[in-house]
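Hi,

Here's the structure I promised to pass on. Have a look at it first, and my notes on what turned up follow below.

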Amino acid sequence: MAANWQRGIMRLMRIENHETRVLEVEDFTPWYRRVTFAADTLLDGLETFPTLWLRLWVPNPSKGAGFLVQRGYTFVSVDHKRKRFSLDFVLHDVAGPAGDWAKMVAPNDRVEVALTPAKIDIPEGTHTLVLAGDATALPAINSWLESVPENVQTHVFIEEDHADREYLPMVQRERGTWLWVNRDGARGEALASAMRAAVPEQAGLYVWGAGEKTLVKNVRGVLREHLRLERGQYFTQFYWIEGKATG
Ligand SMILES: Cc1cc2nc3c(=O)[nH]c(=O)nc-3n(C[C@H](O)[C@H](O)[C@H](O)COP(=O)(O)OP(=O)(O)OC[C@H]3O[C@@H](n4cnc5c(N)ncnc54)[C@H](O)[C@@H]3O)c2cc1C
């Protein structure tokens, strides 16, 4: 069936869908929302690690009634004991199935999710961890900050223009800095300049970056040309593409 081909592929790959129920909705700003879910089976035996994300199945009414599409969202907390977890949503202005779903979400709404975990970790000997991205990467950045060893120095660089960005959730560490960068030019250009100015080439450095595609490309430029990092010393991922729907 043409409808829900993504679900067909995942079924073939034997990736299970789990039903969840919305428990709470909390707004940090009018455009950044935390949703807490009750998980029935999702968390059973789940190993958590920084940046762990799930696939949320949301309706895409523009493709017909009952048509579901998947979008990636990052766990911001996992409570195995109480069988609950939370996700943070950027409520972006441009319409999109997941953003629209999150704008309308209310307690007791039900939604299916699936997991395809790919474990990521910093290499042994890392003493400085640089985390870069936009607001969609903030949940993953906070998940890093909650779990890196105390002795690792962390530096966060986020390109985000909203004036109320100071109200966003920010995990603070003794050996950690946060730098918010205003966009200037193409996505990620100002972010890349800020990184070049603040981070010298050094041993023991690991960089993680995610967000909009052009932003991530600009970050990659810094990693390769300025910091001269080898593969294995960094990880970057496109989370979304400006002007283009996912999938
Ligand atoms: C591994 C992974 C983890 C992710 N974790 C998170 C997370 O924790 N929180 C989070 O908010 N996002 C996260 N994202 C990004 C999120 O999946 C995308 O933003 C996704 O495009 C949203 O889907 P949508 O249905 O709302 O919009 P789509 O249908 O994909 O796109 C519709 C339109 O909206 C635009 N758009 C999409 N996202 C944004 C945005 N953030 N800002 C402005 N315009 C946008 C697109 O460019 C397009 O024009 C993650 C993505 C991945 C791959």
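A quick definition before the ligand: a polar contact is a pair of N or O atoms within 3.5 Å; within protein, one must be able to donate a hydrogen and the other to accept it, and residues adjacent in sequence count only if both atoms are side-chain atoms. An oxygen atom of the ligand sits 2.7 Å from a polar backbone atom of G99. For I241, a polar backbone atom is 2.6 Å from an oxygen atom of the ligand, and for D88 the partner is a nitrogen atom of the ligand, at 2.9 Å from a polar backbone atom. There are 26 residues around the ligand, and H92, A98, G99, I241 and T246 come nearest (near meaning one heavy atom of the residue within 4 Å of the molecule).

Some housekeeping: this is a predicted model, where local features need pLDDT of at least 70 and side-chain atom pairs count only at pLDDT 80 or more, while totals for chains, interfaces and linings use all residues. Residues are numbered from 1 along each chain as its sequence is written, and side-chain values use heavy atoms, with hydrogens and water left out.

Now the domains. The protein chain is split into domain 1 (5-114) and domain 2 (128-240), with bounds from an automatic or database domain assignment. Their centres, taken over C-alpha atoms, are 24 Å apart. Domain 1 puts 13 residues into the contact and domain 2 puts in 17 (contact is heavy atoms within 4.5 Å).

Between them, domain 1 and domain 2 bury about 1,300 Å², with carbon and sulfur atoms giving 68% of that; buried area is the accessible area (1.4 Å probe) that two parts lose on being put together, summed over both. On the domain 1 side, W31, P50 and T51 lose the most area to domain 2, together 41% of what that side buries.

What holds charge across that interface? The rule finds 0 salt bridges between domain 1 and domain 2, a salt bridge being a side-chain nitrogen of Lys or Arg within 4 Å of a carboxyl oxygen of Asp or Glu. It does find 2 residue pairs in polar contact there, both at pLDDT 80 or more.

Overall, the salt bridge count comes to 10. One pair is E24 with R84, whose closest N and O atoms are 4.0 Å apart.

Cheers
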